[in-house]
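Here is a short tour of a protein model, written to be read with the viewer open. Please load the structure and follow along, topic by topic.

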Amino acid sequence: MKRPTILVLGAGYGGLATVVNLQKNIGIDVADITLINQNDYHYESTWLHEASAGTLRPDQVRYDIADVIKADKVKFVKASVEGIDIAGKQVSTNNGVFSYDYLVIGLGFEGETFGIPGLDKYALSIANVKAARQIREHIEYQFATWSMEDVKDDSRLTIVVGGAGFTGIEFLGELGNRVPELCKEFDVPQEKVRVLCVEAAPMVLPGFDPELVEYAVGHLQAKGIEFSIGTPVVEATPEGVKIKKGEDVFEFIKAGTVVWAAGVRGNRLIEQTGIENMRARVKVEKDMRAPGHNDVFIVGDCALMINEEVNRPYPPTAQIAMQQGVTVAKNLISLIKGEETEEFVPDLKGSVCSLGEHDAIGVVFGKKITGAKASFMKKVIDNRSLFMIGGPSLVVKKGKFNVL
Ligand SMILES: Cc1cc2nc3c(=O)[nH]c(=O)nc-3n(C[C@H](O)[C@H](O)[C@H](O)COP(=O)(O)OP(=O)(O)OC[C@H]3O[C@@H](n4cnc5c(N)ncnc54)[C@H](O)[C@@H]3O)c2cc1C
């Protein structure tokens, strides 16, 4: 009998967790496994706020896919997926067309701009490692240009961050540490720099414990970061953003840098598949398959699962994406053996939001933590995610050990 072909799209947390768990638990002759990713490296999306602010170099947040896959069990193809033909069971890429018996879609997230005019064009987005490098270099360019100008345009030194959710706050935490370094490096007086977080909702970090939110805001404000809450961005232009401050009351904030961190959606390729989706996220069956498509699994941010306890979707996280990868690998092996698939049950261990290198807030195993303890925990979580994919050698190579 012909060996089934398993095609995994995307080497993010979900795709890589699927592949490494397949290669751990499957014999060489059981299936042909191919992993397709647009880069020959994986990047830690959860560290992109650091690469964007410049507190980590881009090469520190990524590692080679070849370091974590077993070449005798998994074929890696560097290619950009261009189309997914579910009826024809084929995936087209810029490096050929690939057929499959089983497909795993783990193509990750994209920024969501909610149709706000100008954001797509004029705001930067913490979307991937290349975008993170662009943000870092853009901010450095603004500082360098200001210091060269005869007639100084201080708005070059204004950084607007759209969104006070998890990504926005983590990025602001890094900026709190990075701005003094930039000022020193580029001879800029720190009082000239303005970092402003603009949020449409009436609160910071929705879903987090109010006491922890108060701690986070206090910490960031102490570093000079301003907040404008309940004031949606209504337009972005090359000069900055317009925000709504009340009924018919608007303010224009001139800014050299606008970073939009206020929402994510699934990968747009999902929308062309004909599979039912909401903002490119597929409400998957309990075993992670796409409804009506028994040979297609969806992992990570392209999948949507309802937390029945609160009747809301689970937030898209790396924690869940990696756990889903483990289940998808098990279910693929079960299908090949003609056995029943199992249900995916998230095991939520908590959530820690960093506020720069040495501070954080979080709830871990139901306990609230702040400060150095939370920051230490964040590094443990970051290292654990490396361990789950690449074992101890990857932790030694890429881990975070600067705990003091
Ligand atoms: C700044 C930031 C901080 C975060 N912090 C946390 C946190 O603390 N904890 C947490 O749990 N979650 C966090 N998240 C969320 C987490 O990063 C995502 O939920 C997670 O990355 C989703 O994993 P994924 O496998 O779905 O996709 P991704 O990690 O997005 O990976 C998708 C992969 O697909 C590839 N790809 C995309 N399009 C194509 C294409 N057309 N062709 C080929 N390859 C393609 C990409 O290159 C990438 O390798 C954070 C996110 C951000 C941005």
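How many bridges pair strand E9 with strand E22, and in which sense, parallel or antiparallel? Strand E9 (residues 102-105) and strand E22 (residues 293-298) are joined by 3 bridges and run in the parallel sense. Please keep in mind that this is a predicted model. The protein chain falls into two assigned domains, described next, and the sheets, a helix pair and two backbone details follow.

**Domains**
- Domain 1 is assembled from the segments 5-38, 79-111 and 265-348, while domain 2 covers 119-263.
- The centres of domain 1 and domain 2, taken over C-alpha atoms, are separated by 34 Å.

**Around strand E22**
- In the pairing of E9 with E22, Val104 has Phe297 as its bridge partner.
- Strand E21 (residues 289-290) also pairs with E22, here in the antiparallel sense and over 2 bridges.
- Phe297 in E22 turns up again in this pairing, where Arg289 stands opposite Phe297.
- The hairpin of E21 and E22 has 2 residues between the strands, and Gly292 in this hairpin takes a positive phi near 80 degrees.

**The five-stranded parallel sheet**
- This open sheet has 5 strands in the order E11-E18-E12-E13-E14, with parallel pairing.
- Strand E11 (124-125) and strand E14 (225-229) each have a single partner strand, so one side of each lacks a neighbour in the sheet.
- Strand E12 (residues 158-162) and strand E13 (residues 194-199) run parallel and are joined by 5 bridges; in this pair, Ile159 stands opposite Val195 in E13.
- Helix H5 (residues 166-186) packs on the sheet and touches E12, E13, E14 and strand E18 (257-260).
- The direction of H5 makes about 160 degrees with that of E12.

**The three-stranded antiparallel sheet**
- A second open sheet to look at has 3 strands in the order E26-E27-E28, and the pairing here is antiparallel.
- Its edges are strand E26 (350-354) and strand E28 (367-370); each has a single partner strand, so one side of each is left without a neighbour in the sheet.
- From one strand to the next, the twist averages 10 degrees.
- E26 pairs with strand E27 (residues 360-364) over 5 bridges, and Gly350 stands opposite Val364 in E27.

**Packing of H1 and H7**
- Two packed helices are described by the angle between their axes and the distance between the axes.
- For helix H1 (residues 13-25) and helix H7 (residues 318-337), the axes come within 7 Å and cross at roughly 40 degrees.
- This crossing of H1 and H7 is right-handed.
- Residues making the contact include Tyr13, Ala17 and Leu22 of H1 and Ala321, Met322, Val328 and Ile333 of H7.
- The contact residues of H1 with H7 divide into 11 nonpolar, 5 polar and no charged.

**Positive phi outside glycine**
- Most residues other than glycine have a negative phi, which makes the next two residues worth a look.
- Asp187 has a positive phi, near 55 degrees, and lies in the loop between H5 and E13.
- Is Asp187 buried or exposed? Asp187 counts as exposed because its relative accessibility is 63%, with the cut-off for exposed set at over 50%.
- Met288 has a positive phi of about 80 degrees although it is not a glycine, and is found in the loop between strand E20 (282-283) and E21.
- Met288 counts as buried because its relative accessibility is 0%, where buried means under 20%.

Definitions and conventions
Residues are numbered from 1 along each chain as its sequence is written. This is a predicted model: local features need pLDDT of at least 70, side-chain atom pairs count only at pLDDT 80 or more; totals for chains, interfaces and linings use all residues. Side-chain values use heavy atoms; hydrogens and water are left out. Domain bounds come from an automatic or database domain assignment. Two strands pair if DSSP finds at least two bridges between them. Helices (H or I, at least four residues) and strands (E, at least two) are DSSP runs, numbered from the N terminus. Axes are lines fitted to C-alpha atoms, for helices over the stretch in contact, and angles run from 0 to 180 degrees between N-to-C directions. A crossing is left-handed if the near helix is turned anticlockwise from the far one by less than a right angle, and right-handed if clockwise. Contact means heavy atoms within 4.5 Å. Ala, Val, Leu, Ile, Met, Phe, Trp, Tyr, Cys and Pro count as nonpolar, Asp, Glu, Lys and Arg as charged, and the others, Gly among them, as polar. Buried means under 20% relative accessible area, exposed over 50%, partly exposed in between (1.4 Å probe, protein chains only).
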